[in-house]
Amino acid sequence: MTDSSRLPLAVFDLDNTLADTAHRQHFLRTRPKQWDAFFAAAPQDPPLAEGVALAGESAGGCEVVYLTGRPERCRQDTLDWLAAHGLPEGRVYMRGSADRRPARFTKLEILRRLARGREVRVLVDDDELVCDDAERAGFTVVRARWAAKSAALEEAQEREGGT
């Protein structure tokens, strides 16, 4: 049962949707992957203009929330980055530090939980598998195709549950 008296939700991914991770993806091409360095570099991510604009527009009729595969230990850096780049205030849902499931599982689980109490108007994400699963589950999806594709990031999202 949804609460129709509250604004619907616009759900935004972070990496390669709002934040350009190109400068730190080299940490994912090593064996073993350098996860600590990858996440430590996140505060230097440049914003992606298309995603930032869409989040700002969405805030006009929706409550914006953020759904990321980043681990919980990155929360303060993530909140600081969102504020520094003028993104709408909103709750941030992050991966538990020990959760290594693929992003498409963790994100769909959270989307379903959000939808139990509110209308989820849209999910904006760059991960094709996340988008495919969300669409199959009945969610409206905008595929964030404004950042360069990264095989290293796709592997990390799907096979290693790291982001």
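This report describes the strands, nonpolar cores, salt bridges and selected buried residues of a predicted model.

## Strand S1 and its two partners

Strand S1 covers residues 9–12, and its side chains alternate in direction: Leu 9 and Val 11 point one way, while Ala 10 and Phe 12 point the other way. Despite these opposite directions, all four of these residues are buried.

S1 is paired with two strands. It is joined by 4 bridges to strand S2, which spans residues 63–71 and runs parallel to it, and by 4 bridges to strand S4, residues 120–125, again in a parallel arrangement. Ala 10 illustrates both pairings, since its position is opposite Val 64 in S2 and its bridge partner in S4 is Val 122.

## Nonpolar cores

The largest nonpolar core comprises 24 residues, and those with the most contacts inside it are Phe 12, Leu 18, Phe 38, Tyr 66, Trp 81, Leu 82 and Leu 87. At least two residues of this core come from each of S1, helix H1 (35–40), S2, helix H3 (75–84), strand S3 (92–95) and S4. The greatest contribution is that of H1, which gives 3 residues. Leu 82, one of the residues with the most contacts inside the core, touches Leu 14, Leu 18, Tyr 66, Leu 87 and Val 92 when neighbours within four places in sequence are left aside.

A second core, separate from the one just described, contains 17 residues, among them Ala 103, Ile 110, Val 120 and Phe 139. As general background, nonpolar side chains in soluble globular proteins tend to be buried together.

## Buried salt bridges of the loop after S1

Across the whole structure, 20 salt bridges are found. In one of them, the side chains of Lys 107 and Asp 13 meet with an N to O distance of 2.8 Å. Because Lys 107 belongs to helix H4 (residues 103–115) and Asp 13 to the loop between S1 and H1, this pair ties together parts that are 94 residues apart in sequence. Lys 107 is buried, with a relative accessible area of 2%, and Asp 13, at 2% relative accessibility, also counts as buried.

Another salt bridge brings together the side chains of Asp 15 and Arg 70, at 2.6 Å from N to O. Here too the pair links distant parts of the chain, with Asp 15 in the loop between S1 and H1 and Arg 70 in strand S2, 55 residues apart. Asp 15 has a relative accessibility of 1% and therefore counts as buried, as does Arg 70 at 2%.

## Helix H5 and its salt-bridge network

Arg 143 and Glu 128 form a salt bridge in which the closest N and O atoms are 2.3 Å apart. Arg 143 lies in strand S5 (residues 141–143) and Glu 128 in helix H5 (residues 128–136), so the salt bridge ties together parts separated by 15 residues in sequence. With 18% relative accessibility, Arg 143 counts as buried, whereas Glu 128 is partly exposed at a relative accessible area of 25%; the cut-off for a buried residue is under 20%. Both residues belong to a network of salt bridges that links Glu 128, Asp 132, Glu 135, Arg 143 and Arg 145.

The buried residues of H5 are Val 130, Cys 131, Asp 133 and Ala 134. Viewed down the helix axis, these residues fall within an arc of 170°, and they therefore line one face of H5. The elements that cover the buried residues of H5 include H4, S4 and S5.

## Thr 78 and the cysteines

Thr 78 is located in helix H3 and is buried, with a relative accessible area of 1%. Not counting residues up to four places away in sequence, Thr 78 touches Leu 14, Arg 70, Val 92 and Met 94. Of these contacts, Arg 70 is also the salt-bridge partner of Asp 15, and Val 92 is also in contact with Leu 82.

The model contains 0 disulfides. Cys 62 and Cys 74 are nevertheless buried, Cys 62 with a relative accessible area of 8% and Cys 74 with a relative accessible area of 8%.

Notes. Residues numbered from 1 in each chain as written. Predicted model: local features only at pLDDT ≥ 70, side-chain atom pairs only at ≥ 80, totals over all residues. Heavy atoms only, no water. Buried < 20%, exposed > 50% of the residue type's maximum accessible area, 1.4 Å probe, protein only. Pairing = 2+ DSSP bridges. Disulfide = S-S within 2.5 Å. Core = buried A, V, L, I, M, F, W, Y, C linked by side-chain atoms within 4.5 Å. Contact = heavy atoms within 4.5 Å. Salt bridge = Lys/Arg side-chain N within 4 Å of Asp/Glu carboxyl O. Arc of directions from axis to C-beta.
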